[in-house]
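Colleague: I want to learn to read side-chain features from a coordinate file. Can you take me through one?

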Amino acid sequence: MSSGFIAQESIDEVNSRTDIVRLIGEYVPLTQRGNDWWGCCPFHNEKTPSFSVSPDKKFFYCFGCHKSGTAFNFIMEMEKLSYPEAIENLAKRAGVTLSYTNSSSQNSQKEDPVAKKKQEYIELYNRTATTFHYMLMETEAGKFALDYITSRGITKETLEKFKIGYSPQDKKWLYNFLLKKNYSPDFLKDSGLFSKNYAEFAFFSDRLMFPIFDRKGDVVAMGGRFLRGNKDKSPKYLNSGDLLWYKKGLTLYAFNFARQSIRENKKVIFCEGYMDCIAYHQCGINYAVAPLGTALTEDQVKLIKPFVEEVYLSFDSDGAGQNATKKAILMCRRQNITVKVIRLHGGKDPAEIMLNFGKESLTNEVNSAILDSDYLLSKLLEVYPKESPEGKAKASKAFFAYIDSLQSDVQKDACIDQLCQTYDIDPEAARKDYNNRDQLSQRINRTVKQPRGQEEQQKQVKIRPTAELRAVLTAVTDDVSIFQKMRSEISEEDLEDPLAKKMFTLLKECEEGGSFSYSNILTRCEGDALKDLIIQSSLEYSNHVEQSASDSIMLIKRNVLERKRAEIVARLRKIEQSSLSEDKMQLSKLLMQKMDIDKQIALLKG
């Protein structure tokens with residue numbers, strides 16, 4: 001990211017040149033209805049599309065969860081970017097060369113010391129990964145590690161692509177190396193690269209190193225595989241823990257390499273670990289990713305949800321792998337994603353199949369993946385015999401959890417039939433058992449209380465709009481003449497509500513800067529609650545903008561007059577209680593002013 005602030009003129013140009021329908025269409029299938037486009041919301045689960053995109057106003061709005069905003073807000077949410085990063089992302093897409101300024105007036109882009117610190121650590125990790133890669137590829141110390149990884153069938157091109165490396169056996173080597181590169185001991189202490197108890201000892205030593213990349217391709221963490229020594233004293237894999245700039249539950253290994261292929265194929269493979277993922281990529285199956293030292297998380301599923309129609313699971317066949325597969329199936333099905341399971345034959349993992357049988361064999365395994373319902377029933381048959389009533393009951397209970405995760409009633413019904421066919425169960429009895437279980441679950445859910453304080457938190461983030469604020473919001477359009485008319489008749493001084501004043505000033509700045517448009521105004525607003533209000537106002541008044549703006553002007557002018565009238569009435573009451581001759585002289589003058597204001601108010605009321 002360049003230094004300084006992105007100039008507002010550049011932001012406006014990016015905004016005007018971004019096709020919001022095309023952008024959002026890369027993540028959400030959209031269908032045109034009238035002037036707007038509709039699809040299922042990427043931010044919450046829904047069966048009926050309630051997510052709208054307006055190409056004219058350049059905003060999106062979900063009538064279900066009320067998420068809303070501009071192209072900048074959308075890309076920030078989907079790609080987990082900061083505001084400046086979102087601008088730069090869309091600028092690259094639109095072919096806009098950004099200009100920067102050091103002006104401190106760019107409030108929305110104030111330098112964040114935490115962000116600066118994160119970037120410094122990311123630079124450290126990039127440098128360290130490059131150093132480890134050199135140690136693997138070019139040094140005698142790393143030759144045994146290079147021999148190991150190439151014996152697994154991994155090519156030099158793949159090693160380069162994934163920047164695989166080797167961490168030296170000397171635990172103090174990295175610390176001394178980085179000190180020579182002018183890193184301070186305090187900075188290195190919090191880097192996650194060194195022991196918490198022994199500051200000079202590297203966390204990773206004598207291991208095959210797998211850099212973990214963020215979406216942009218920067219190294220943000222690492223994983224290290226044990227190669228030699230006492231297996232009982234060293235875990236097979238060591239992984240970076242959560243860091244200021246890295247959360248493993250929110251990150252997927254190789255997602256930076258896989259994202260484009262995931263979009264194009266509309267599917268993803270979740271696999272066990274680094275080597276499995278790398279093997280898939282080397283075989284040309286580029287839509288494979290892996291969790292990072294933990295079970296698959298809801299957040300990781302949400303990460304890929306906008307891009308996929310199907311998820312393929314490729315976990316180990318041992319007990320832990322089977323449990324991980326079952327949990328992943330339920331997780332993905334709750335997100336309304338179709339799931340298939342890859343069953344490997346002739347090898348314990350994808351790398352072994354690739355090495356022994358070639359990439360075509362691994363491709364065939366993917367193409368032969370089975371539906372999750374078939375997989376689960378096959379596993380239930382291994383545990384619960386279909387011949388016994390107890391086996392039928394236990395298998396049914398276990399399979400009901402899967403049926404609960406399905407989002408379609410048609411799918412649920414079909415899966416009950418599949419269960420009955422597999423276990424030779426009477427369909428009526430199975431549906432009765434399932435419905436009884438479902439009713440019990442609903443009763444339990446109704447008794448679950450909302451977490452204490454949650455309702456108060458929701459109230460805190462909401463804005464209760466005053467009549468003045470609503471009035472000003474009617475001027476937020478793509479037609480500058482609407483605001484020009486409002487500005488010709490009222491000013492900030494006529495407004496009492498501070499938020500209405502602030503909004504009026506923002507509109508005035510946009511008008512004077514020649515950047516008055518719905519999307520630019522929305523981009524400059526601070527706070528999601530205000531943006532949400534603007535979008536709701538636009539939807540409410542879209543068919544009668546001019547009349548609504550005229551009514552709003554009248555309302556504000558009437559409020560001003562009524563405030564003046566209240567002041568005069570208060571002064572008249574004070575004079576009635578006074579015996580001073582000067583006050584008495586003011587009486588008739590104030591009465592005349594009150595009568596004039598009464599006439600103006602009557603005229604405004606029509």
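Modeller: We will go through charge pairs, rings, cysteines and one buried acid. Keep in mind that this is a predicted model.

Colleague: Start with charges. What lets two side chains pair, and how many salt bridges does the structure hold?

Modeller: Side chains of opposite charge can pair when their charged atoms come close. Here the structure holds 27 salt bridges.

Colleague: Which residue does R17 meet in a salt bridge?

Modeller: The partner is E13, with an N to O distance of 3.0 Å. Both residues lie in helix α1, which spans residues 8–17. They are four residues apart, about one turn of the helix. R17 is partly exposed at 44% relative accessibility. E13 is partly exposed too, with a relative accessible area of 32%.

Colleague: That pair sits within one helix. Where do E298 and R334 lie?

Modeller: Take the contact itself to begin with: their side chains meet in a salt bridge at 3.8 Å, N to O. E298 belongs to helix α12 (residues 298–304) and R334 to helix α13 (residues 319–334), so the pair ties together parts that are 36 residues apart in sequence. E298 has a relative accessible area of 32%, which makes it partly exposed. R334 is partly exposed at 39%.

Colleague: What about D417 and R431?

Modeller: Their side chains form a salt bridge of 2.8 Å, N to O. This pair links distant parts of the chain, 14 residues apart. D417 is in helix α18 (residues 409–423), and R431 is in helix α19 (residues 427–447). For D417 the relative accessible area is 27%, so it counts as partly exposed. R431 is partly exposed at 22%.

Colleague: Which residues are linked in a network of salt bridges?

Modeller: One such network links R152, K348, D349 and E352.

Colleague: Now rings. How many aromatic pairs are there?

Modeller: The count comes to 32 aromatic pairs, taking ring centres within 6.5 Å as the cut-off. One cluster is formed by Y27, F43, F51, F60, F74, F255 and F307.

Colleague: Where does the charged end of K67 sit?

Modeller: Over the ring of F43, 5.5 Å from the ring centre. F43 is also a member of the cluster I just listed. There is another case of a charge over a ring: the charged end of R228 sits over F144, 3.7 Å from the centre of that ring.

Colleague: Next, cysteines. What is a disulfide, and how many does the structure hold?

Modeller: A disulfide is a covalent bond between the sulfur atoms of two cysteines. This structure holds zero disulfides.

Colleague: Why is there no bond at C41?

Modeller: The closest cysteine sulfur to that of C41 is in C62, 3.7 Å away, and that is too far for a bond. The cut-off is 2.5 Å. C41 is buried, at 4% relative accessibility. C510 is buried as well, at 0%.

Colleague: Last one. Is E468 buried or exposed?

Modeller: Buried. Its relative accessibility is 6%, and the cut-off for buried is under 20%, so E468 falls on the buried side. E468 lies in helix α21, residues 467–473.

Colleague: Which residues is E468 in contact with?

Modeller: Set aside its neighbours within four places in sequence. The contacts are then D494, L495, E496, D497, A500, N559 and R563.

Key
Residues are numbered from 1 along each chain as its sequence is written. This is a predicted model: local features need pLDDT of at least 70, side-chain atom pairs count only at pLDDT 80 or more; totals for chains, interfaces and linings use all residues. Side-chain values use heavy atoms; hydrogens and water are left out. A salt bridge is a side-chain nitrogen of Lys or Arg within 4 Å of a carboxyl oxygen of Asp or Glu. Helices (H or I, at least four residues) and strands (E, at least two) are DSSP runs, numbered from the N terminus. Buried means under 20% relative accessible area, exposed over 50%, partly exposed in between (1.4 Å probe, protein chains only). Rings of Phe, Tyr and Trp (its six-membered ring) pair if their centres lie within 6.5 Å; planes under 30 degrees apart count as stacked, over 60 as edge-to-face and the rest as tilted. A charge sits over a ring if NZ of Lys or CZ of Arg is within 6 Å of the ring centre and within 35 degrees of the ring normal. Contact means heavy atoms within 4.5 Å.
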